[in-house]
Amino acid sequence: MTHQPFMHDLSGVFAAPVQAWSEADGQIRGTEAQGIYCSDERVVSAVLLTVEGVEPRWVSTQTHGADTVGYLSFIRTDPSIADPLVSLRRTRSADGAGVSESIEIVSALSSPATFAVEIRMTSDNTPLEKIKQGQYSTDLPQVRTDGWQWRDGHTHLQLAFTGSPTLHADKAEVTATWLVTVPAGGSTEVSWRLEAHDSAAPMIAPRTRELAVPELSGPAEEAPQDHGSADIARLLHHAVSDLNGLRMADRESPDDTFLAAGAPWFFTMFGRDSLIAARMLLPIDTTLAAGTLRALAQRQGVQADTATAEQPGKILHEVRRVTNTVTLDGKVSLPPVYYGTIDATPLWIMLLHEAWQAGMPEDEVRDLMPHLVRALGWLRDHADSDGDGFLEYLDTSGHGLANQGWKDSGDSIRWHNGSLAEGSIALCEVQGYAYAAALAGADLLEAFGEGEDIAEAVEWRTYAEAMSERFRAKFWCEDESGRYPAIALDAAKNPVDGIASNMGHLLGTGILDAEETDIVVRRLMDPSMYSGYGIRTISTTNAAYWPTRYHAGSVWTHDSAMILSGLLAEGYFEEARKLAGGLLRAAQGFNWRLPELFAGHGAADTWPPVPYPASCRPQAWAAASAVPVAQALGYLDPEAFDSTVADVPLEPAMV
C-alpha cells in the first residue's frame, strides 16, 4: 500500500520552477518526497554528503529565506577532545534555473587537517503526481559526470563543481570526491551547482521585480500588547520571502508574474489560489494582482469542452505539463489545462475591481475589459447549469474533480450528521462571490464601458439584488442555537446543514444584511469553530469532525485569513484582532512560516499547533495571510495601498 508523503518535518528551498526538499539535517536521502524538482518532475532523488565516509553530526538548521537554508554540522576528530572543534556549514540555495550548495569546513584545531568530502547524487525522473501518491520511478536516467537528460529532448541537467573533485558516474549515480586540507584555525570551501532546463514546461521563472517587505505602522492603541512589532516583522519577512520563492510566469505570458499555489504539490498556476493570494496582497502591492489577472486572462476559456470543463469566459483551475492523475485508482485524472472550478471566474472579476480601487493603472484595467465582459458572460450563461439562479457544479467528464470550490476533496461537503452531500452542489460562499462580482462588474462597466456596456451595468445590479433575495430564501438552516447559512445546496436543492467555515467567506461580499452578518460572526467565533489558532473547516459538533481531516476539521490558514478580512470589512474589529492573534500564535509555533493547513486541535490543549503532515509549506495564500493579520493587529493601515519598503534583513529561523 502506498501513501501520500509527509512533509511537515522536511526542509526546503524554493525558487519557481525549482525546489529542493531534504531532511532537517540537509541530507536528501531519496525517501518519499525528498529530492530536487524542476517544474512537475523530480530530477534528483538523493544528495548525500559524507566526510571520511561518515555523515557529519547535524546540530542546527537556519532558514535564511525561501531560497536559502544553512545546515550546521560537526566533524568529530580526536576522541580525546570533547569540544566539537571542526564545523561543516552546508548552505543550499535555489534560483529559477537550479540549485547550488556550498560546503565550508571551519577548524579551530592547532594543526592542519585533511578530509575526504564526498557528494553522491542519484538521478530521477518521477512525476510529482506519482510521488504524491507514494509511487517512484525505477527506470532511472543514466548519468554523466557533467549532467544528464531526464525525460526527453526538451530536458537536461548540467552539473558544475568548484575545487576540482574526482568525479565518477555509474548508472544512475554520480559521485564527487574532494580531498581538502583545512588550515589550522582556518577554513576551506567547495561547492556544486545543478542547473535544470525544461523548455517544454508551461511555467517559467519570472522576469519582474520581487515583492518588497512592507513598512510597519502603529500599532493601533487598541492592539493587544502581547503581539509586538517584532513578531509581526518576523511573520511578514518570512511570508514575503516565501511569496518571492513562489513567483512564476506563464511561458505564453512571460512578463506577467503570478504566484504558484504552493510547494511541493502545487508548484504551478492555480486560478483560485493565485487570485486569492493576490487579493490579500493588494494593501502592499498591486503589480502582482495585475500580472495574475493578465496571465489568467490569456488562458480564459473560449469553447465548451466536457473533458477539460472549459467554457467560454471561464477562468481556469490549473495548468500542468502533462495529465495529472490525482488518485491511485485513476478515477480523478485532470488534463494538462483544466477548468474545473466554480469560483475562479467571480474571484477574477472581484480582483480586477479591487486592484483598480487599490491603484492599478487605469490603462491596464481598460485593457482587461474585454476579458471582464467574457467573464460576466460566463456568470450569466454557464455558471447556473439548471436555471435555479445559483452557481453550481457537477463533474460530467467522469474523471474530474467531484468538488470544485476551494474545499475540493471528494469528502468535503457534509451534512451535520457527517454524511456526504450529493451533487450538483451550490456552495454558499460562491453565491457571495457571484453577488460581489456582479456589483464589481457593474462598477467597471460604468467606469470603462461604452454604450451597451453601461446599460448592462444596471442588469448586473439587478442580478446581485435577486441573488441576495434567493440566497436568503434558500440557504438558511436552523438548529438549537438559531439560524445560520448552510454550507451548500445539494442536488435536490436542500440546504446542507453542516456548520462550516464557508459561511465566513460571505463576510464583506455584501450579500448578508446586518443581522445575518452578526449571526455568521457569532457562529464562527464560537469555540466549536474557533480553535484558538484559527477557524476550523467544520464544527466540532459535526459527526465527521476530526482535527486532521483535510477539509473536515483542520484549520486552513487562508480560510481564516479571508474570514479575518471579512471581519475587518464588516467592522468587527475585536473579533478580527482575536482571530489575527490566534494566527500569529500559530505562526510562532510553525517557526513563522504559516502552512497551508494544520490540525484543528484547540489552542488550550496543544502547543505548538499540530501540523497536518502532508501540508504544503510554503503555500501562496497561507503566506499572503500575513498581510490581513498585520492589518487586524494595527501594524498595516487597512486603507493604505502604497507599497513601501522596510530594508530589514531576514532574521534566520532556527530549527
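The charged end of Arg483 sits over the ring of Trp476, 4.4 Å from the ring's centre. Keep in mind as you look at it that this is a predicted model. A second arginine does something you can view alongside it: Arg585 lies over the face of Trp607, with 4.1 Å to the ring centre.

From here, let's turn to rings that meet other rings. The count comes to 13 aromatic pairs. One of them joins Phe266 and Phe270 in an edge-to-face arrangement, with 5.4 Å from centre to centre and 75° between the planes. Phe266 has a relative accessibility of 13% and Phe270 one of 6%, so both fall under the 20% cut-off and count as buried. Next, find Phe590 and Phe598, whose ring centres are 5.5 Å apart; their planes stand at 50°, so this pair is tilted. Phe590 counts as buried at 7% relative accessibility, and Phe598 is buried too, at 0%. Ring pairs can also link up further: Trp406, Tyr550, Trp556, Tyr612 and Trp621 are joined into a cluster in this way.

Finally, take a look at two helices, H5 (residues 344-358) and H7 (residues 369-381), which pack at an angle of about 140° with their axes 9 Å apart. The crossing of H5 past H7 is left-handed. On the H5 side, Thr345, Pro346, Trp348, Ile349 and Leu352 make the contact, and on the H7 side they meet His371, Leu372, Ala375, Leu376 and Trp378. Sorted by class, this contact holds eight nonpolar residues and two polar ones, with no charged residues.

Note on methods:
Residues numbered from 1 in each chain as written. Predicted model: local features only at pLDDT ≥ 70, side-chain atom pairs only at ≥ 80, totals over all residues. Heavy atoms only, no water. Axes fitted to C-alpha atoms, helices over the stretch in contact; angles between N-to-C directions. Helix = DSSP H or I, 4+ residues; strand = E, 2+ residues; numbered from the N terminus. Left-handed = near helix turned anticlockwise from the far one by under 90°. Contact = heavy atoms within 4.5 Å. Nonpolar A, V, L, I, M, F, W, Y, C, P; charged D, E, K, R; others polar. Phe/Tyr/Trp six-rings, centres within 6.5 Å; stacked < 30°, edge-to-face > 60°. Buried < 20%, exposed > 50% of the residue type's maximum accessible area, 1.4 Å probe, protein only. Lys NZ or Arg CZ within 6 Å of the ring centre and 35° of its normal.
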